[in-house]
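Here is a brief report on a two-chain protein model. It starts from a single peptide bond and works outward to the sheets and the interface.

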Amino acid sequence: MTAALLELRGLTGGYPPVSVFRDVNLTIKPGEHVGFFGPNGHGKTTLLKTIAGVLDPWDGGIYFEGNRLNAEGAMQARVSHNLNYDLFRKRRIKARDVVDAGLIYVMQGNLLFPEMTVEEVLDIAPRAARGRPGVGQMRRQIHDLFPRLRERWQSKVRYLSGGERQMVSIAVGLLAMPRLLMLDEPTLGLSPKLRIELSQAVQNIRETGVPLIIVDQNVEFLTSLVDRLILFDHGTVTREIPAENMPDHAQLMEMMFGGAH
Amino acid sequence: MAFDTFMFILMSGILLGGLYALMATGLAVVWTTLGVFNFAHGAFVTLGAYVAWQVTQPVAGGFGFMIAVLMSVTVMFCLGFVLHFALIKPFERNQNVVLLAVISTLAAASIIENGVLLTWGPRDKQITPPIGSRINFFGASINAFDFVILAVALLALFALALFLRRTTMGRTLRAAAQNREAAELMGLDVPRLFAITLGISAATAALAGIFVGSLRFINPSFGADPLMKSLIVVILGGVARFTSPIYAAFVVGIAESFSAYFLGLYWSPALLFAMMIAVLLIKPEGLFGHRSKTL
């Protein structure tokens, strides 16, 4: 077996009792940058949240660098309506184990810690690195990647604009010294100007060699940054498109919905 | 009213305020971080005072006041840390966690209170204050130890604020309080941080308990009054900032001591509750803050 960085085998999950994605099989090789594209509400974020350990997977396996992150076997269906039923149920994946492994998830529209300053947030972020080397260098790099943050160093996250907040979120992810970084809709709610700025920053992150998974609704943003595009529809992977024939917006819409949009 | 009487009442109000600030901050920190109300806070006050009293007794070695304070604070920190895993952690995934925590902390309060009753008996005890002298303060004769209590209480709160703002550990505590999910995705051990918060809260409660116990008498159920007062303080001040309950504590302390003089001791709780109801009607988010809770 080739050494996969992240491998999903028959992963199923959702918000019980509603299943959101089913039987997702996916392999991400080291050094690869992968984009996820699909309509809203079809399970991209739920999939990432499950991989990150926020939600319990129902069935299947999540393997990171060959190690299984979630518990073996399928999740038992709820057998009792007792209110305390959940108290005795074990979590099937722990967010801390995922972070320990170096798989870092940057949440969508993350509010982060509204009452903390940028400086304070970036001060505690390297805790997630668990002693992986290079934090000091990464700190310096953050200043170059997001020059805008230096001006807002002492502002509370609450007072930052959406773009600045997104930059802090990504910086937090980077300071964890990720072995794979998952960005969930980084351009959500950003102005075109900010989107270009963010795109440049992500391009720079790419060049530092951190493998990326990017979920986004913006086709141009996504296709300019990834090596492989994965179309995600109705809760499962429907198609994988390699870099050679990366589609533009119109072609992608044609592929997904079979018509002009 | 003579000026020296006024000063005396004011000073005793400020002293009460300092004690309430210490107790209410412990309660507010747990409320803002864990998101539950700790009804065992009064029992922590009681137990803290009893542990300190025990340490000063000849049976336990007859240690001095300082050692007693350190021992009691340490013991209560550990107890608070452990109790998080017994009282709140098991229920945190239940959607009714706030209600369940009310019941579990009330149960703990009852168990601790009766444990104290069984261990130390129902008779009143007093922790001997280390300083007995009185000083003249603007004509009013005031215990020198009162000033020490006030200074130590404020210093402890200041140290706690510094810990939360300046140290990485304190910052991770605030992070876990403000956004639990994001803190978990940062790899922070949130249950441990919450346990530390409850430990800190119990330690401040113990400190307050020792001070109350060296001013007045302690008995197994004396924690009920501090709990009620802290509750009033937290509601009155709100939890928008770390300092909100501290200001409110001084308002409550001074109001209480003046009402005790002018209206009589039995009316001061009525006045405090009337203030609380008025605040809940007019500015439910608390006198000192806006609609948010932070650490």
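Pro17(A) sits in the loop between E1 and E2 of chain A. The model is a predicted one. In this model the peptide bond that joins Pro16(A) and Pro17(A) is cis, with omega at about 0 degrees. A second loop of chain A, between E4 and E5, holds Glu65(A). Glu65(A) is not a glycine, yet its phi is positive, at about 50 degrees. Most residues other than glycine have a negative phi, and most peptide bonds are trans.

**The four-stranded sheet of chain A**

Both loops lead into one sheet. In what order do the 4 strands of this open sheet of chain A run? The order is E2-E1-E4-E5, and the pairing is antiparallel. E2 and strand E5 (67-68) are the edge strands of this chain A sheet, each pairing on one side only. Strand E4 (residues 59-64) of chain A is joined to E5(A) by 2 bridges, and the two run antiparallel. Within that pairing, Phe64(A) faces Asn67(A) in E5(A). Helix H1 (residues 44-52) of chain A packs on the sheet and touches strand E1 (6-15), E2 and E4 of chain A. The direction of H1 makes about 110 degrees with that of E1(A).

**The six-stranded sheet of chain A**

Chain A also has an open sheet of 6 strands, in the order E6-E7-E8-E3-E9-E10. Its pairing is mixed. Strand E6 (103-106) and strand E10 (236-242) of chain A stand at the edges with a single partner strand each, so one side of each is left without a neighbour in the sheet. From one strand to the next the twist averages 20 degrees.

Strand E3 (residues 33-37) and strand E9 (residues 228-233) of chain A run parallel, joined by 4 bridges. Here Gly35(A) is opposite Leu229(A) in E9(A). A helix also lies on this sheet. Helix H7 (residues 192-207) of chain A crosses E3, strand E7 (180-184) and strand E8 (212-215) of chain A. H7 runs at about 155 degrees to E8(A).

**Salt bridges**

Over all chains the structure holds 21 salt bridges. One of them pairs Arg228(A) with Glu32(A), with the closest N and O atoms 2.7 Å apart. This pair links distant parts of the chain, 196 residues apart. Arg228(A) lies in strand E9 of chain A, and Glu32(A) in the loop between strand E2 (18-28) and E3 of chain A. Another salt bridge joins the two chains, through the side chains of Glu120(A) and Arg171(B). The table sets out both pairs.

| Salt bridge | N to O distance |
|---|---|
| Arg228(A) and Glu32(A) | 2.7 Å |
| Glu120(A) and Arg171(B) | 3.9 Å |

**The hairpin of chain B**

Strand E1 (residues 134-137) and strand E2 (residues 140-143) of chain B pair in the antiparallel sense, over 4 bridges. E1(B) and E2(B) form a hairpin with 2 residues between them. Phe137(B) is opposite Ala140(B) in E2(B). In the turn, Phe138(B) has a positive phi of about 50 degrees.

**The interface**

How many residues of each chain are in contact across the interface? Chain B contributes 25 residues and chain A 33. The area buried between chain B and chain A is about 2600 Å². Carbon and sulfur atoms give 57% of this area. Which three residues supply most to the area that chain B buries against chain A? They are Arg93(B), Leu185(B) and Met186(B), which supply 30% of it, more than any other three residues.

Across the interface of chain B and chain A there are 3 salt bridges. Polar contacts there number 8 residue pairs, with both residues at pLDDT 80 or more. Helix H6 (168-178) and helix H7 (180-185) of chain B each supply at least two residues of the side of chain B that touches chain A. H6(B) gives the most to that side, with 7 residues. By class, the side of chain B that touches chain A has 9 nonpolar, 9 polar and 7 charged residues.

Terms used. Residues numbered from 1 in each chain as written. Chains lettered and ligands numbered in written order. Predicted model: local features only at pLDDT ≥ 70, side-chain atom pairs only at ≥ 80, totals over all residues. Heavy atoms only, no water. Contact = heavy atoms within 4.5 Å. Buried area = accessible area lost by both parts, 1.4 Å probe. Salt bridge = Lys/Arg side-chain N within 4 Å of Asp/Glu carboxyl O. Polar contact = N/O pair within 3.5 Å; in protein donor to acceptor, adjacent residues only side chain to side chain. Nonpolar A, V, L, I, M, F, W, Y, C, P; charged D, E, K, R; others polar. Pairing = 2+ DSSP bridges. Axes fitted to C-alpha atoms, helices over the stretch in contact; angles between N-to-C directions.
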